[in-house]
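Colleague: I would like a close look at a single helix and its surroundings. Please take one part and go through it in detail.

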Amino acid sequence: MSFKLHPLPYSYDALEPYIAAKITELHYTKHHQTYVNNLNAAYDKVSQAIAKNDVKTQIDLQQAIRFNGGGHINHTLFWGNLAPHGSDAQKGGAELKEAIDKQFGSFDKFEEKFHALLLGIQGSGWGWLVKNNDNGLLELFASPNQDPVPAKYTPLIGIDFWEHAYYIQYYNNKAEYAKKIFNVLNWETAENRWKGISDLKL
């Protein structure tokens, strides 16, 4: 297996002032790249273990695959659901926003609930707007560490709530980060995901 870190769809400074260029650069080139490297290394070791019929090692490597694979998936989705403030992508998603209004009462109420979800995350994790594939309803969902979104959901918007996503700009004021990142969400991509158009490339 050979997973790749695909190019960002914007420059490092494109999300400023809400997400500093240095954060985007470090987050992408260091943190995300490390997940990709470690995932590839884990798969190499699994391949060797399979060749040796070493079941114990295959089992032992599952946690590394889950953590680093989840990190790669989550970050790939994260970069795709961000866009420069004021861009067509950031202002788009009219149909999804209408569905949000209907289900949550208003977009403001939706934002309040999403912020509350993020601030309720203990330690490191992710906040998600997802579509429940069983009933088509929108839900807010939190996942710990780098756990990927379960298969019963389609992730529409994912917000990284690890400290590396905000600390050098917002320090310990994660509430401000949770508020400001809404200014650079890509609602066009979120709506496409909602409609079943996947942009996930690993």
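Modeller: What follows is a walk through helix H5 and then through some aromatic and histidine contacts, all in a predicted model.

Helix H5 covers residues 94-104, and Leu-96, Ala-99, Ile-100 and Phe-104 are buried in it. Viewed down the axis of H5, these buried residues fall within an arc of 105°, so they line one face of the helix. The other side of H5 carries Ala-94 and Lys-102, which are exposed. As for partners, the buried residues of H5 pack against two helices, H6 (107-119) and H9 (187-194), and against the strands S1 (125-132), S2 (138-144) and S3 (153-160). After H5 comes Gly-105, which has a positive phi, near 100°.

Two of the strands that H5 packs against, S1 and S3, lead on to other contacts. Aromatic pairs come next: the whole structure contains 21 of them. One of these is formed by Phe-78 and Trp-126, edge-to-face, with 5.7 Å centre to centre and 85° between the planes. Phe-78 sits in helix H3 (residues 62-80) and Trp-126 in strand S1, so that the pair links distant parts of the chain, 48 residues apart. Phe-78 has 3% relative accessibility and therefore counts as buried; Trp-126, at 0%, counts as buried too.

Another pair, Tyr-166 with Tyr-177, is stacked, at 5.0 Å centre to centre and 25° between the planes. Because Tyr-166 lies in the loop between S3 and H7 and Tyr-177 in helix H8 (residues 174-180), this pair ties together parts that are 11 residues apart in sequence. Tyr-166 counts as buried at 4% relative accessibility, and Tyr-177 counts as buried at 1%.

Phe-78 and Trp-126 also belong to one aromatic cluster, together with Tyr-12, Tyr-28, Trp-79 and Trp-128.

The loop between S3 and helix H7 (167-170) also holds His-164. With a relative accessibility of 18%, His-164 counts as buried, because the cut-off for buried is under 20%. Neighbours within four places in sequence left aside, His-164 is in contact with Ile-23, His-27, His-31, Tyr-35 and His-75.

For these contacts, the UniProt record gives some context: an unreviewed entry places the feature "domain: Manganese/iron superoxide dismutase N-terminal" at residues 2-83. That span is 68% helix and 0% strand, and its end C-alpha atoms lie 27 Å apart.

Note on methods: Residues numbered from 1 in each chain as written. Predicted model: local features only at pLDDT ≥ 70, side-chain atom pairs only at ≥ 80, totals over all residues. Heavy atoms only, no water. UniProt positions renumbered as here; feature names shortened; annotations may be inferred. Helix = DSSP H or I, 4+ residues; strand = E, 2+ residues; numbered from the N terminus. Buried < 20%, exposed > 50% of the residue type's maximum accessible area, 1.4 Å probe, protein only. Arc of directions from axis to C-beta. Contact = heavy atoms within 4.5 Å. Phe/Tyr/Trp six-rings, centres within 6.5 Å; stacked < 30°, edge-to-face > 60°.
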